[in-house]
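Let's take a stroll through this protein and see what its two guests are up to. Have a look at the sequence and the structure before you read on.

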Amino acid sequence: MLASSAVFRRQQFLIRSLGGYSDHIDSRRMQDIRSMSGTTFEADAENVMREITSVLDPSKHKGQAGKIAVIGGCREYTGAPYFAAISALKIGADLSHVFCTKDAAPVIKSYSPELIVHPILEESYNISGLEDEERRCISSKILAEVDKWMERFDCLVVGPGLGRDPYLLECVSEIMKHARQSNVPIVIDGTSITYLMDIAQDGLFLVTNSIALVSGYPLAVLTPNVNEYKRLVQKVLNCEVNDRDAPELLQSLAKQIGGVTILQKGKSDLISDGEIAKSVSIYGSPRRCGGQGDILSGSVAVFLSWARAKGKATTSQMNPTVLGCIAGSALLRKAASLAFKDKKRSTLTTDIIECLGRSLEDICPAC
Ligand SMILES: NC(=O)C1=CN([C@@H]2O[C@H](COP(=O)(O)OP(=O)(O)OC[C@H]3O[C@@H](n4cnc5c(N)ncnc54)[C@H](O)[C@@H]3O)[C@@H](O)[C@H]2O)[C@@H](O)CC1
Ligand SMILES: Nc1ncnc2c1ncn2[C@@H]1O[C@H](COP(=O)(O)OP(=O)(O)OP(=O)(O)O)[C@@H](O)[C@H]1O
Ligand SMILES: [Mg+2]
(Lines give C-alpha, C1' and ligand atoms only; values in the text may rest on other atoms or scores of the structure.)
(Ligands and ions follow the chains in the order given, each with its own letter.)
Protein backbone atom coordinates (compact mmCIF):
# COMPACT_ATOMS: atom_id res chain seq x y z
CA MET A 1 0.00 0.00 0.00
CA LEU A 2 2.87 2.31 0.91
CA ALA A 3 4.56 1.71 -2.41
CA SER A 4 1.37 2.27 -4.35
CA SER A 5 0.66 5.55 -2.55
CA ALA A 6 4.16 6.71 -3.39
CA VAL A 7 3.44 5.88 -7.02
CA PHE A 8 0.13 7.69 -6.79
CA ARG A 9 1.79 10.82 -5.33
CA ARG A 10 4.38 10.73 -8.09
CA GLN A 11 1.62 10.42 -10.71
CA GLN A 12 -0.23 13.35 -9.14
CA PHE A 13 2.95 15.43 -9.06
CA LEU A 14 3.60 14.73 -12.74
CA ILE A 15 0.00 15.51 -13.63
CA ARG A 16 0.14 18.76 -11.64
CA SER A 17 3.44 19.73 -13.16
CA LEU A 18 1.92 19.27 -16.61
CA GLY A 19 -1.08 21.39 -15.73
CA GLY A 20 -3.72 19.00 -14.32
CA TYR A 21 -6.93 17.87 -16.00
CA SER A 22 -8.20 21.25 -16.91
CA ASP A 23 -5.28 21.96 -19.20
CA HIS A 24 -6.29 19.22 -21.62
CA ILE A 25 -3.22 17.04 -21.53
CA ASP A 26 -3.29 14.96 -24.67
CA SER A 27 -3.50 11.20 -24.44
CA ARG A 28 0.12 10.75 -25.59
CA ARG A 29 1.41 12.80 -22.68
CA MET A 30 -0.89 10.91 -20.33
CA GLN A 31 0.58 7.64 -21.58
CA ASP A 32 4.03 9.07 -20.87
CA ILE A 33 2.97 9.96 -17.35
CA ARG A 34 1.70 6.43 -16.77
CA SER A 35 4.88 4.80 -18.00
CA MET A 36 7.08 7.30 -16.12
CA SER A 37 5.26 6.49 -12.89
CA GLY A 38 6.72 2.99 -13.06
CA THR A 39 3.36 1.20 -12.81
CA THR A 40 2.05 -1.18 -15.44
CA PHE A 41 -1.38 0.12 -16.18
CA GLU A 42 -2.71 -3.19 -17.58
CA ALA A 43 -3.26 -5.58 -14.68
CA ASP A 44 -1.50 -8.93 -14.66
CA ALA A 45 -4.94 -10.50 -14.28
CA GLU A 46 -3.99 -14.15 -14.70
CA ASN A 47 -1.38 -13.93 -11.97
CA VAL A 48 -3.84 -12.16 -9.70
CA MET A 49 -6.35 -14.98 -10.28
CA ARG A 50 -3.71 -17.61 -9.55
CA GLU A 51 -2.68 -15.85 -6.40
CA ILE A 52 -6.09 -15.32 -4.83
CA THR A 53 -8.15 -18.30 -6.01
CA SER A 54 -9.15 -20.47 -3.07
CA VAL A 55 -7.34 -23.82 -3.01
CA LEU A 56 -9.54 -26.94 -2.96
CA ASP A 57 -8.52 -28.72 0.19
CA PRO A 58 -10.25 -31.75 1.77
CA SER A 59 -9.75 -30.28 5.24
CA LYS A 60 -11.95 -27.28 4.45
CA HIS A 61 -15.58 -27.22 5.49
CA LYS A 62 -18.70 -25.92 3.76
CA GLY A 63 -18.64 -22.15 3.62
CA GLN A 64 -14.90 -21.63 3.71
CA ALA A 65 -14.77 -21.02 -0.04
CA GLY A 66 -17.26 -18.19 0.29
CA LYS A 67 -20.77 -17.28 1.39
CA ILE A 68 -22.26 -14.62 -0.84
CA ALA A 69 -25.58 -12.78 -0.57
CA VAL A 70 -27.26 -10.90 -3.39
CA ILE A 71 -29.75 -8.20 -2.40
CA GLY A 72 -31.85 -7.75 -5.53
CA GLY A 73 -34.76 -9.00 -7.54
CA CYS A 74 -38.16 -7.36 -7.77
CA ARG A 75 -41.37 -7.77 -9.77
CA GLU A 76 -39.72 -6.62 -13.02
CA TYR A 77 -36.27 -8.14 -12.75
CA THR A 78 -35.68 -11.73 -11.69
CA GLY A 79 -32.86 -12.63 -14.09
CA ALA A 80 -30.26 -10.19 -12.74
CA PRO A 81 -30.07 -11.50 -9.13
CA TYR A 82 -30.10 -15.07 -10.43
CA PHE A 83 -27.15 -14.32 -12.78
CA ALA A 84 -25.12 -12.74 -9.97
CA ALA A 85 -25.88 -15.46 -7.41
CA ILE A 86 -25.42 -18.48 -9.68
CA SER A 87 -22.17 -17.02 -11.07
CA ALA A 88 -20.80 -16.88 -7.53
CA LEU A 89 -21.50 -20.61 -7.13
CA LYS A 90 -20.15 -21.56 -10.56
CA ILE A 91 -16.88 -19.80 -9.77
CA GLY A 92 -16.48 -21.70 -6.51
CA ALA A 93 -18.38 -20.08 -3.64
CA ASP A 94 -20.00 -22.63 -1.32
CA LEU A 95 -23.27 -20.83 -0.58
CA SER A 96 -25.20 -18.19 -2.45
CA HIS A 97 -28.22 -16.41 -1.00
CA VAL A 98 -30.71 -14.05 -2.65
CA PHE A 99 -32.77 -11.55 -0.64
CA CYS A 100 -35.54 -10.37 -2.94
CA THR A 101 -39.17 -9.27 -2.98
CA LYS A 102 -41.93 -11.74 -2.21
CA ASP A 103 -43.12 -11.69 -5.83
CA ALA A 104 -39.67 -12.37 -7.28
CA ALA A 105 -38.77 -15.22 -4.93
CA PRO A 106 -40.76 -18.14 -6.44
CA VAL A 107 -39.48 -17.22 -9.89
CA ILE A 108 -35.84 -17.07 -8.78
CA LYS A 109 -36.20 -20.33 -6.82
CA SER A 110 -37.59 -21.99 -9.94
CA TYR A 111 -34.44 -21.11 -11.91
CA SER A 112 -32.20 -23.06 -9.55
CA PRO A 113 -32.43 -25.29 -6.49
CA GLU A 114 -28.86 -24.30 -5.60
CA LEU A 115 -29.78 -20.81 -4.43
CA ILE A 116 -31.07 -19.99 -0.96
CA VAL A 117 -33.83 -17.49 -1.62
CA HIS A 118 -35.31 -15.22 1.07
CA PRO A 119 -38.65 -13.66 0.03
CA ILE A 120 -38.49 -10.73 2.43
CA LEU A 121 -38.29 -7.39 0.61
CA GLU A 122 -41.38 -5.28 -0.05
CA GLU A 123 -42.19 -2.78 -2.79
CA SER A 124 -44.43 0.26 -2.31
CA TYR A 125 -47.37 -1.17 -4.25
CA ASN A 126 -47.64 -4.03 -1.76
CA ILE A 127 -47.89 -1.78 1.27
CA SER A 128 -49.94 1.06 -0.17
CA GLY A 129 -52.63 2.26 2.21
CA LEU A 130 -50.58 1.38 5.30
CA GLU A 131 -49.87 3.97 7.99
CA ASP A 132 -46.28 5.22 8.39
CA GLU A 133 -45.96 3.32 11.66
CA GLU A 134 -46.96 0.04 9.96
CA ARG A 135 -44.47 0.66 7.16
CA ARG A 136 -41.71 1.27 9.70
CA CYS A 137 -42.65 -1.95 11.46
CA ILE A 138 -42.34 -3.90 8.18
CA SER A 139 -38.91 -2.31 7.51
CA SER A 140 -37.69 -3.30 10.96
CA LYS A 141 -38.80 -6.89 10.41
CA ILE A 142 -36.99 -7.00 7.05
CA LEU A 143 -33.85 -5.64 8.64
CA ALA A 144 -34.03 -8.10 11.53
CA GLU A 145 -34.41 -10.97 9.05
CA VAL A 146 -31.26 -9.95 7.11
CA ASP A 147 -29.38 -9.26 10.36
CA LYS A 148 -29.84 -12.88 11.41
CA TRP A 149 -27.59 -13.81 8.50
CA MET A 150 -25.33 -10.80 8.10
CA GLU A 151 -22.28 -11.94 10.08
CA ARG A 152 -22.12 -15.17 8.09
CA PHE A 153 -21.64 -13.46 4.73
CA ASP A 154 -18.23 -12.86 3.19
CA CYS A 155 -19.66 -10.34 0.76
CA LEU A 156 -22.97 -8.69 -0.19
CA VAL A 157 -23.86 -7.82 -3.76
CA VAL A 158 -26.42 -5.02 -3.66
CA GLY A 159 -28.35 -4.00 -6.73
CA PRO A 160 -28.82 -6.60 -9.48
CA GLY A 161 -32.46 -6.28 -10.49
CA LEU A 162 -33.33 -4.13 -7.50
CA GLY A 163 -35.25 -1.56 -9.53
CA ARG A 164 -36.04 1.90 -8.21
CA ASP A 165 -38.87 1.55 -5.77
CA PRO A 166 -38.29 4.16 -3.01
CA TYR A 167 -39.58 2.01 -0.14
CA LEU A 168 -37.49 -0.97 -1.24
CA LEU A 169 -34.37 1.16 -1.65
CA GLU A 170 -34.83 2.79 1.73
CA CYS A 171 -34.86 -0.68 3.33
CA VAL A 172 -31.81 -1.72 1.33
CA SER A 173 -29.90 1.37 2.39
CA GLU A 174 -30.53 0.32 6.01
CA ILE A 175 -29.25 -3.17 5.18
CA MET A 176 -26.10 -1.57 3.75
CA LYS A 177 -25.56 0.42 6.95
CA HIS A 178 -25.73 -2.79 8.97
CA ALA A 179 -23.34 -4.53 6.57
CA ARG A 180 -20.90 -1.68 7.02
CA GLN A 181 -21.19 -1.85 10.81
CA SER A 182 -20.41 -5.58 10.58
CA ASN A 183 -17.43 -4.96 8.24
CA VAL A 184 -18.99 -7.04 5.47
CA PRO A 185 -17.72 -6.03 2.00
CA ILE A 186 -20.40 -4.67 -0.34
CA VAL A 187 -20.38 -4.75 -4.14
CA ILE A 188 -22.90 -2.16 -5.33
CA ASP A 189 -24.19 -2.67 -8.84
CA GLY A 190 -26.95 -1.48 -11.12
CA THR A 191 -29.33 1.39 -10.83
CA SER A 192 -28.87 1.48 -7.06
CA ILE A 193 -25.50 3.18 -7.62
CA THR A 194 -27.04 6.15 -9.35
CA TYR A 195 -30.13 6.00 -7.19
CA LEU A 196 -27.95 6.63 -4.16
CA MET A 197 -26.82 9.78 -5.91
CA ASP A 198 -30.41 10.79 -6.71
CA ILE A 199 -31.30 10.49 -3.08
CA ALA A 200 -28.55 12.97 -2.30
CA GLN A 201 -29.76 15.31 -4.99
CA ASP A 202 -33.48 15.11 -4.35
CA GLY A 203 -33.20 14.99 -0.60
CA LEU A 204 -35.68 12.12 -0.62
CA PHE A 205 -34.03 10.58 2.39
CA LEU A 206 -31.48 11.66 4.92
CA VAL A 207 -28.06 12.44 3.55
CA THR A 208 -26.79 9.43 5.50
CA ASN A 209 -28.76 7.27 3.08
CA SER A 210 -26.94 8.68 0.08
CA ILE A 211 -23.33 8.52 -1.00
CA ALA A 212 -22.34 8.80 2.67
CA LEU A 213 -23.56 5.23 2.90
CA VAL A 214 -20.38 4.03 1.19
CA SER A 215 -18.11 7.04 1.45
CA GLY A 216 -14.93 6.21 3.35
CA TYR A 217 -15.79 2.50 3.51
CA PRO A 218 -12.75 0.68 2.08
CA LEU A 219 -14.73 -2.56 1.65
CA ALA A 220 -17.20 -0.97 -0.78
CA VAL A 221 -16.92 -1.67 -4.51
CA LEU A 222 -19.01 0.22 -7.08
CA THR A 223 -19.41 -1.38 -10.51
CA PRO A 224 -20.98 1.32 -12.71
CA ASN A 225 -21.75 0.80 -16.39
CA VAL A 226 -21.35 3.64 -18.87
CA ASN A 227 -24.55 5.46 -17.84
CA GLU A 228 -24.14 4.91 -14.14
CA TYR A 229 -20.54 6.15 -14.34
CA LYS A 230 -21.50 9.35 -16.17
CA ARG A 231 -24.01 10.19 -13.49
CA LEU A 232 -21.60 9.39 -10.66
CA VAL A 233 -18.94 11.66 -12.15
CA GLN A 234 -21.43 14.47 -12.73
CA LYS A 235 -22.77 14.31 -9.20
CA VAL A 236 -19.53 13.76 -7.29
CA LEU A 237 -16.93 15.61 -9.37
CA ASN A 238 -19.30 17.98 -11.13
CA CYS A 239 -17.70 17.41 -14.52
CA GLU A 240 -18.24 15.41 -17.71
CA VAL A 241 -16.63 12.06 -18.54
CA ASN A 242 -14.00 12.05 -21.27
CA ASP A 243 -11.94 9.18 -22.62
CA ARG A 244 -8.73 11.17 -22.69
CA ASP A 245 -7.85 11.02 -19.01
CA ALA A 246 -10.15 8.17 -17.97
CA PRO A 247 -7.87 6.52 -15.36
CA GLU A 248 -7.05 9.82 -13.70
CA LEU A 249 -10.71 10.80 -13.52
CA LEU A 250 -11.62 7.41 -12.07
CA GLN A 251 -8.85 7.71 -9.51
CA SER A 252 -10.14 11.15 -8.45
CA LEU A 253 -13.68 9.82 -8.18
CA ALA A 254 -12.64 6.89 -5.98
CA LYS A 255 -10.59 9.23 -3.79
CA GLN A 256 -13.44 11.71 -3.54
CA ILE A 257 -15.77 8.94 -2.30
CA GLY A 258 -13.28 8.22 0.46
CA GLY A 259 -11.24 5.40 -1.06
CA VAL A 260 -13.99 3.06 -2.21
CA THR A 261 -13.00 0.84 -5.12
CA ILE A 262 -14.66 1.58 -8.45
CA LEU A 263 -14.77 -0.80 -11.40
CA GLN A 264 -15.77 1.24 -14.45
CA LYS A 265 -17.20 -1.20 -17.00
CA GLY A 266 -16.59 -0.68 -20.70
CA LYS A 267 -14.46 -1.70 -23.65
CA SER A 268 -11.67 -2.04 -21.09
CA ASP A 269 -12.64 -2.33 -17.45
CA LEU A 270 -10.87 0.31 -15.33
CA ILE A 271 -10.37 -0.18 -11.62
CA SER A 272 -9.25 2.27 -8.94
CA ASP A 273 -9.32 2.58 -5.16
CA GLY A 274 -8.10 6.18 -5.31
CA GLU A 275 -4.50 5.08 -4.87
CA ILE A 276 -3.82 3.19 -8.06
CA ALA A 277 -5.62 2.64 -11.35
CA LYS A 278 -5.53 -0.64 -13.28
CA SER A 279 -7.07 -1.80 -16.50
CA VAL A 280 -8.36 -5.20 -17.65
CA SER A 281 -8.49 -5.34 -21.43
CA ILE A 282 -8.48 -9.10 -22.06
CA TYR A 283 -10.60 -9.72 -25.14
CA GLY A 284 -14.16 -10.67 -24.23
CA SER A 285 -17.02 -10.81 -26.66
CA PRO A 286 -18.66 -8.43 -29.11
CA ARG A 287 -22.09 -9.52 -27.85
CA ARG A 288 -23.58 -6.95 -25.48
CA CYS A 289 -26.52 -8.99 -24.19
CA GLY A 290 -27.95 -7.84 -20.84
CA GLY A 291 -26.80 -9.58 -17.69
CA GLN A 292 -23.02 -9.58 -18.17
CA GLY A 293 -22.66 -6.88 -15.51
CA ASP A 294 -24.61 -9.12 -13.14
CA ILE A 295 -22.15 -11.98 -13.71
CA LEU A 296 -19.37 -9.52 -13.03
CA SER A 297 -20.82 -8.44 -9.68
CA GLY A 298 -21.10 -12.07 -8.48
CA SER A 299 -17.61 -12.80 -9.76
CA VAL A 300 -16.05 -9.78 -8.02
CA ALA A 301 -17.79 -10.76 -4.76
CA VAL A 302 -16.20 -14.24 -4.80
CA PHE A 303 -12.68 -13.11 -5.74
CA LEU A 304 -12.81 -10.24 -3.25
CA SER A 305 -13.74 -12.72 -0.49
CA TRP A 306 -10.90 -15.00 -1.52
CA ALA A 307 -8.42 -12.10 -1.66
CA ARG A 308 -9.45 -11.00 1.84
CA ALA A 309 -9.13 -14.56 3.14
CA LYS A 310 -5.57 -14.75 1.75
CA GLY A 311 -4.83 -11.40 3.40
CA LYS A 312 -1.12 -10.81 3.79
CA ALA A 313 -0.41 -14.15 2.13
CA THR A 314 -0.60 -12.48 -1.30
CA THR A 315 2.61 -11.03 -2.68
CA SER A 316 0.72 -8.17 -4.27
CA GLN A 317 0.62 -4.91 -2.36
CA MET A 318 -2.75 -4.14 -3.86
CA ASN A 319 -5.94 -3.71 -1.91
CA PRO A 320 -7.98 -7.01 -1.82
CA THR A 321 -10.94 -5.13 -3.30
CA VAL A 322 -8.81 -4.14 -6.30
CA LEU A 323 -7.50 -7.70 -6.65
CA GLY A 324 -11.10 -8.97 -6.54
CA CYS A 325 -12.15 -6.55 -9.27
CA ILE A 326 -9.22 -7.46 -11.51
CA ALA A 327 -9.88 -11.20 -11.19
CA GLY A 328 -13.68 -10.82 -11.48
CA SER A 329 -13.41 -8.74 -14.63
CA ALA A 330 -10.81 -11.01 -16.25
CA LEU A 331 -12.83 -14.15 -15.60
CA LEU A 332 -16.05 -12.69 -17.00
CA ARG A 333 -14.22 -11.57 -20.12
CA LYS A 334 -12.54 -14.95 -20.62
CA ALA A 335 -15.85 -16.75 -20.19
CA ALA A 336 -17.56 -14.35 -22.62
CA SER A 337 -14.85 -15.01 -25.19
CA LEU A 338 -15.19 -18.79 -24.78
CA ALA A 339 -18.99 -18.66 -25.02
CA PHE A 340 -18.81 -16.48 -28.13
CA LYS A 341 -16.44 -18.91 -29.87
CA ASP A 342 -19.15 -21.50 -29.61
CA LYS A 343 -22.43 -19.58 -29.84
CA LYS A 344 -21.51 -16.52 -31.92
CA ARG A 345 -24.55 -14.25 -32.41
CA SER A 346 -26.76 -16.36 -30.21
CA THR A 347 -24.46 -16.02 -27.17
CA LEU A 348 -26.54 -15.27 -24.07
CA THR A 349 -25.67 -14.55 -20.46
CA THR A 350 -26.54 -18.13 -19.48
CA ASP A 351 -23.98 -19.39 -22.04
CA ILE A 352 -21.31 -17.17 -20.48
CA ILE A 353 -22.17 -18.49 -17.01
CA GLU A 354 -21.66 -22.04 -18.30
CA CYS A 355 -18.12 -21.05 -19.37
CA LEU A 356 -17.05 -19.54 -16.01
CA GLY A 357 -15.78 -22.84 -14.58
CA ARG A 358 -13.76 -23.81 -17.65
CA SER A 359 -12.25 -20.33 -17.91
CA LEU A 360 -11.04 -20.46 -14.30
CA GLU A 361 -9.86 -24.05 -14.74
CA ASP A 362 -7.61 -22.97 -17.66
CA ILE A 363 -5.79 -20.58 -15.33
CA CYS A 364 -6.05 -22.31 -11.93
CA PRO A 365 -6.53 -26.06 -12.41
CA ALA A 366 -8.54 -27.59 -9.55
CA CYS A 367 -5.96 -30.37 -9.06
N1 LIG B 1 -32.60 -10.30 -16.94
C2 LIG B 1 -32.64 -9.31 -16.03
O3 LIG B 1 -33.40 -9.35 -15.06
C4 LIG B 1 -31.71 -8.16 -16.18
C5 LIG B 1 -31.94 -7.05 -15.39
N6 LIG B 1 -31.12 -5.98 -15.42
C7 LIG B 1 -31.50 -4.89 -14.53
O8 LIG B 1 -32.11 -3.89 -15.31
C9 LIG B 1 -32.04 -2.67 -14.62
C10 LIG B 1 -31.63 -1.57 -15.59
O11 LIG B 1 -30.28 -1.82 -16.02
P12 LIG B 1 -29.72 -1.28 -17.42
O13 LIG B 1 -28.31 -1.74 -17.48
O14 LIG B 1 -30.62 -1.65 -18.54
O15 LIG B 1 -29.83 0.30 -17.21
P16 LIG B 1 -28.96 1.42 -17.90
O17 LIG B 1 -29.47 2.72 -17.36
O18 LIG B 1 -27.54 1.13 -17.73
O19 LIG B 1 -29.25 1.26 -19.44
C20 LIG B 1 -30.35 1.91 -20.02
C21 LIG B 1 -30.08 2.11 -21.51
O22 LIG B 1 -28.85 2.79 -21.73
C23 LIG B 1 -28.35 2.48 -23.02
N24 LIG B 1 -26.94 2.02 -22.99
C25 LIG B 1 -26.46 0.91 -22.40
N26 LIG B 1 -25.14 0.78 -22.60
C27 LIG B 1 -24.76 1.86 -23.31
C28 LIG B 1 -23.51 2.30 -23.84
N29 LIG B 1 -22.39 1.57 -23.66
N30 LIG B 1 -23.48 3.47 -24.50
C31 LIG B 1 -24.61 4.20 -24.67
N32 LIG B 1 -25.82 3.81 -24.22
C33 LIG B 1 -25.90 2.67 -23.55
C34 LIG B 1 -29.22 1.38 -23.57
O35 LIG B 1 -30.12 1.92 -24.50
C36 LIG B 1 -29.91 0.84 -22.32
O37 LIG B 1 -31.12 0.21 -22.62
C38 LIG B 1 -31.07 -2.88 -13.44
O39 LIG B 1 -31.78 -3.04 -12.24
C40 LIG B 1 -30.38 -4.19 -13.80
O41 LIG B 1 -29.92 -4.87 -12.66
C42 LIG B 1 -29.90 -5.95 -16.19
O43 LIG B 1 -28.89 -6.32 -15.28
C44 LIG B 1 -29.94 -6.87 -17.40
C45 LIG B 1 -30.53 -8.23 -17.11
N1 LIG C 1 -17.75 -2.11 -25.39
C2 LIG C 1 -17.35 -3.20 -24.75
N3 LIG C 1 -16.42 -4.04 -25.29
C4 LIG C 1 -16.02 -5.16 -24.65
N5 LIG C 1 -16.50 -5.54 -23.46
C6 LIG C 1 -17.41 -4.75 -22.86
C7 LIG C 1 -17.89 -3.55 -23.47
N8 LIG C 1 -18.80 -3.00 -22.64
C9 LIG C 1 -18.88 -3.81 -21.58
N10 LIG C 1 -18.06 -4.86 -21.71
C11 LIG C 1 -17.88 -6.00 -20.76
O12 LIG C 1 -19.14 -6.42 -20.28
C13 LIG C 1 -19.16 -6.37 -18.86
C14 LIG C 1 -20.51 -5.83 -18.44
O15 LIG C 1 -20.57 -4.46 -18.78
P16 LIG C 1 -21.92 -3.72 -19.16
O17 LIG C 1 -21.58 -2.32 -19.54
O18 LIG C 1 -22.70 -4.54 -20.12
O19 LIG C 1 -22.62 -3.77 -17.71
P20 LIG C 1 -24.15 -3.56 -17.36
O21 LIG C 1 -24.80 -2.58 -18.29
O22 LIG C 1 -24.20 -3.27 -15.91
O23 LIG C 1 -24.74 -5.03 -17.63
P24 LIG C 1 -26.15 -5.63 -17.16
O25 LIG C 1 -26.90 -5.85 -18.40
O26 LIG C 1 -25.80 -6.90 -16.46
O27 LIG C 1 -26.78 -4.63 -16.23
C28 LIG C 1 -17.98 -5.47 -18.45
O29 LIG C 1 -17.35 -5.90 -17.29
C30 LIG C 1 -17.04 -5.59 -19.61
O31 LIG C 1 -16.08 -6.58 -19.34
MG1 LIG D 1 -25.97 -3.48 -14.72
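Start with the shell of residues around ligand 2: it divides into two nonpolar, six polar and six charged residues. Keep in mind that this is a predicted model. Of the 14 residues around this ligand, the ones that come nearest are Asn 225, Lys 265, Asp 269, Gly 291 and Gly 293.

Which atoms of Asp 269 lie 2.9 Å from an oxygen of ligand 2, backbone or side chain? For Asp 269 the partner is an N or O atom in the side chain. With the two glycines, it's the backbone that does the job: a backbone N or O atom of Gly 291 sits 2.8 Å from an oxygen atom of ligand 2, and one of Gly 293 lies 2.9 Å from an oxygen atom of that ligand. On its own, ligand 2 would expose 620 Å², and the protein buries 76% of that. Two elements, α11 and α12, give two or more residues to its shell. The one that gives the most is α11, with four residues.

Now for the other guest. Ligand 1 also has 14 residues around it, and Ala 80, Gly 161, Asn 225, Asn 227 and Asp 294 come nearest. By class, that shell holds five nonpolar, eight polar and one charged residues. Here are some distances to oxygen atoms of ligand 1:

| Residue | Part of the residue | Distance to an oxygen atom of ligand 1 |
|---|---|---|
| Gly 79 | backbone N or O atom | 3.2 Å |
| Asn 225 | polar side-chain atom | 2.6 Å |
| Asp 294 | side-chain N or O atom | 2.7 Å |

Taken alone, ligand 1 exposes 860 Å², of which the protein buries 49%. The elements giving two or more residues to its shell are α4 (79–91) and α9 (226–237). Of these, α4 gives the most, with three residues.

Remember α11 and α12? They turn up again with helix α3, which covers residues 45–52. In that helix, Ala 45, Val 48, Met 49 and Ile 52 are buried. Looking down the axis of α3, you'd see its buried residues fall within an arc of 100 degrees, so they line one face of the helix. The spacing has a simple background: an α-helix has 3.6 residues a turn, so residues three or four places apart point the same way. What do the buried residues of α3 pack against? Their partners are α11 (292–310), α12 (320–343) and α14 (356–363).

Next, zoom in on a single residue. Ser 96 sits in strand β2, which covers residues 95–101. Is Ser 96 buried or exposed? Its relative accessible area is 1%, and because buried means under 20%, Ser 96 counts as buried. Its side chain reaches the backbone oxygen of Ala 85 at 2.8 Å. If you leave aside neighbours within four places in sequence, the contacts of Ser 96 include Ile 68, Ala 88, Leu 89 and Glu 114.

Finally, step back to the whole chain. It has 14 helices and nine strands, and buried residues make up 53% of its 367 residues. Among contacts between residues at least 6 apart in sequence, 72% join residues at least 24 apart. The accessible surface comes to about 16,200 Å², with 52% of it belonging to carbon and sulfur atoms.

Methods
Residues numbered from 1 in each chain as written. Chains lettered and ligands numbered in written order. Predicted model: local features only at pLDDT ≥ 70, side-chain atom pairs only at ≥ 80, totals over all residues. Heavy atoms only, no water. Buried < 20%, exposed > 50% of the residue type's maximum accessible area, 1.4 Å probe, protein only. Arc of directions from axis to C-beta. Contact = heavy atoms within 4.5 Å. Near = heavy atom within 4 Å. Polar contact = N/O pair within 3.5 Å; in protein donor to acceptor, adjacent residues only side chain to side chain. Areas by Shrake-Rupley, 256 points an atom, 1.4 Å probe, with all protein chains shown as cover. Nonpolar A, V, L, I, M, F, W, Y, C, P; charged D, E, K, R; others polar.
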